[in-house]
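Biologist: Could you take me through the pockets of this predicted model, with a close look at what lines them?

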Amino acid sequence: MFIIILLGLLIGSFLNVCIYRLPQNQSIIFPPSHCSTCGTHLKPWDLIPVISYLLLGGSCRYCKVTFSSRYILVEIVTAILFAWCFQIYGLSFLFIKAIVFTTFLLIITFIDYDHQLILDKVLLWFSGAGIVINSWTNSLDFWDMLLASSLGGGLLLLIALVSRGGMGDGDIKFAAALGMWLSWKCLLLALLLSFVCGGIGGLLLVLFKLKSRKDFIPFGPFIALSAFTIMLYGSEIIIWYIEKLY
């Protein structure tokens, strides 16, 4: 578990780079990590997840500008979610699938929250990874993925048409991409849960004055949260529902 948490912290540190650079069409590899204010290349001891941030008081060692607390938040959340996946699946192929899935969800969530944008290039890599991993683990065959993708994207497209813009193009593509990872039953359950989470989450954001009633509240993070939940517990929820129904 210690190694998994350490892995999560390291991946979370890299995700911060992706979240910051991808919307700006910058390479996530070059140039190396540097302070966005003074431009100084950061040394390895400046990049130790969580520890460097705390020791430096959340500021740059060289120009003393304050860094956003977002950096440490992403690292800690990634570590927690990786540990959660490990607790469910242990060291297995399903665990690898879960952490890759989670990694993409985190990138999509934070970029959408910041920019109200779900990037096509991220979704393409997300979809491709789902196809490769599901084929590798024999979790879903091609026709299952195609059906789930068509149902997920089609449902949100229908909602967008009926509501005349109430659903963004990125959300529609995101739902379609999730079909490369989840069965059609789990995907529909995830979308249903996302509407519930979206309603509650939007209300809480307004109540805590993080957003106003006139602000646009991105829906991608709620889809991501629901997809993560269903990835871990979707089968159990479906079985429980069928048993209660019959």
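Modeller: What follows describes the largest pocket and then the second largest pocket.

In this predicted model, the largest pocket holds about 890 Å³ of space. Its lining is made up of 38 residues, and those closest to the centre of the pocket are N16, V17, H34, L42 and Y71. Four elements, α1 (2-21), α2 (51-55), α3 (70-89) and α4 (93-115), give two or more residues to this lining, and among them α1 gives the most, with 8 residues. Sorted by class, the lining of the largest pocket contains 18 nonpolar residues, together with 14 polar and 6 charged ones.

The second largest pocket encloses about 490 Å³ of space, and its lining consists of 20 residues, with L106, T109, F110, P221 and L225 lying nearest the centre. Here at least two lining residues are supplied by each of α3, α4 and α9 (220-245), and it is α4 that provides the largest share, namely 6 residues. The lining of this second largest pocket has 16 nonpolar residues, alongside 2 polar and 2 charged residues. With regard to the domains, domain 1 (1-90) and domain 2 (92-245) each contribute at least three residues to the lining of the second largest pocket.

Notes: Residues are numbered from 1 along each chain as its sequence is written. This is a predicted model: local features need pLDDT of at least 70, side-chain atom pairs count only at pLDDT 80 or more; totals for chains, interfaces and linings use all residues. Side-chain values use heavy atoms; hydrogens and water are left out. On a 1 Å grid over the protein atoms alone, a cavity is a set of points where a 1.4 Å probe fits but cannot get out, and a pocket is an open set with protein on both sides within 12 Å along at least five of seven lines; lining residues have an atom within 4 Å of a point. Grid points are joined across faces, edges and corners, and a volume is the space filled by probe spheres set on the points. Ala, Val, Leu, Ile, Met, Phe, Trp, Tyr, Cys and Pro count as nonpolar, Asp, Glu, Lys and Arg as charged, and the others, Gly among them, as polar. Domain bounds come from an automatic or database domain assignment.
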